[in-house]
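Student: I'd like a close look at one part here, the sheet and whatever packs around it. Could you walk me through it in one go?

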Amino acid sequence: GFVAGGYKSVGTLAAQIEEVRSSTSTFGVNLFAPNPLPVSPDQYRAYARAINEDAQQYGLDLTSVAPREDDDEWADKIELLITDPVPVVSFTFGVPRRVVVDTLRRAGSTVVQTVTSAAEAAAAASAGIDVLVVQCHEAGGHSATLTPRSPSPAVPLAELVRAVRAGGAALVIAAGGIGTPGSVQEVLSAGADAVMVGTVLLRTDESGASPTYRAALADRRDAPTVVTRAFTGRPARGLRNTFTDRFSDQAPSGYPALHHLTSPLRKAAVAAGDPELVNLWAGTGYKSATAEPAAAILTRLAAG
């Protein structure tokens, strides 16, 4: 399992690492590596006005929220992981500088990078990365693409694994849309060393997903997933809802400014049990997400 380091203060991340460490010595920490998408003031203000009608029903005025461009406390989080090493450190959104990778490795961490193409895999290899998570377009949540303004084309996961393998990658973990034993076997046969899943665990007993999120995954079994910038200004896959329908075409590229802009609205909608205004991140295999212990799902996926 991985501790999600994004959107958390250094203090919160340190506390969660200690909580996990008290139960297991086998875990990782994932960070968002800086790869900003600055948004123009005019585009930002226009989008804030567009979504403000929905925000007003919860007593919010998003037109008064100034653009916030930050790096998610990058330097401080790296310093934490150097001074208090963890077994695995993984990165998404950007490839860290070679000096960061080398320092983490000297501290005893295995370093992992999420990539979405063979070209990105080559860039990660040149930075000294140990392991590649190869993520295809079917993955839920944010795409890890290094070029979010022009994401990589849709390539089946098995094909993508083979392409990255052909480039000489040493260790490959496959991710994206996996929800059945058959899909696990397919990517292992294509050359992956292991498989990573996320969406399929969202309804488990151990999941931290909100009741609103869980209910949407269970109730919308016929809903398609869509890739949208509407919630964060960066492409991400989730269940189609009213917000994605209304604002996907209007949303500019702009990360993390749009994430910070829509965050209060999303939190209010979750609290009100309104799935139509929430980022319901989900991969294409979301129908395999079931309400049972995580161990039962992982055992079933590995059964082949």
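**The sheet and its helices**

Tutor: Let's begin with a helix: in this predicted model, what covers the buried residues of helix 3 includes helix 1 (10-21), strand 2 (28-32), strand 3 (88-92) and helix 4 (98-106). The residues in question, in a helix that spans 74-83, are W74, K77, I78, L80 and L81, and yes, the lysine counts as buried too. They sit on the same side of helix 3, because the arc they cover around the axis is only 155 degrees. Turn to the other side of helix 3 and you'll find A75 and T83 exposed. As for how helix 3 is laid down, it lies across strand 2 and strand 3 and runs at about 160 degrees to strand 2.

While you're there, have a look at the way in. The loop between helix 2 (41-56) and helix 3 holds E73, which has a positive phi of about 55 degrees even though it isn't a glycine. E73 is partly exposed, with a relative accessibility of 35%.

Now for the sheet itself. Seven strands make an open sheet with parallel pairing, and the order is 1-2-3-4-5-7-8. Strand 1 (2-4) and strand 8 are the edge strands, each pairing on one side only. On average, and ignoring direction, neighbouring strands of the sheet are turned by 25 degrees against each other. Helix 1 packs on this sheet as well: it touches strand 1 and strand 2, and its direction makes about 160 degrees with that of strand 1. In the loop between strand 1 and helix 1 you'll meet Y7, another non-glycine with a positive phi, near 65 degrees. Y7 is partly exposed, at 38% relative accessible area.

Let's move along the sheet. Strand 4 (residues 110-115) pairs with strand 5 (residues 131-135) in the parallel sense over four bridges, and V112 has V131 in strand 5 as its bridge partner. Strand 5 also pairs with strand 7, again parallel and over four bridges; here L132 stands opposite V172 in strand 7.

Strand 7 deserves a pause. In a regular strand the side chains alternate between the two faces of the sheet. Here V172 and A174 point one way from strand 7, I173 and A175 point the other way, and all of them are buried. Going on to strand 8, strand 7 pairs with it in the parallel sense over three bridges, and I173 has A194 as its bridge partner there. To get from strand 7 to strand 8 the chain goes through helix 7, in a right-handed β-α-β crossover.

That connecting helix has its own buried set: in helix 7 (residues 181-189), S183, V184 and V187 are buried. They lie on the same side of helix 7, since they cover an arc of only 105 degrees around the axis. The buried residues of helix 7 pack against helix 6 (157-166), strand 7 (172-175), strand 8 (194-196) and helix 11 (294-301). Just after helix 7 comes G191, with a positive phi of about 120 degrees.

One last backbone detail: the peptide bond from Y255 to P256 is cis, with omega near 10 degrees. You'll find P256 in the loop between helix 9 (242-247) and helix 10 (257-272).

Definitions and conventions. Residues are numbered from 1 along each chain as its sequence is written. This is a predicted model: local features need pLDDT of at least 70, side-chain atom pairs count only at pLDDT 80 or more; totals for chains, interfaces and linings use all residues. Side-chain values use heavy atoms; hydrogens and water are left out. Buried means under 20% relative accessible area, exposed over 50%, partly exposed in between (1.4 Å probe, protein chains only). Helices (H or I, at least four residues) and strands (E, at least two) are DSSP runs, numbered from the N terminus. The arc is that of the directions from the helix axis to the C-beta atoms. Contact means heavy atoms within 4.5 Å. Two strands pair if DSSP finds at least two bridges between them. A crossover is right-handed if, with the strands pointing away from the viewer, the path from the first strand over the helix to the second runs clockwise. Axes are lines fitted to C-alpha atoms, for helices over the stretch in contact, and angles run from 0 to 180 degrees between N-to-C directions.
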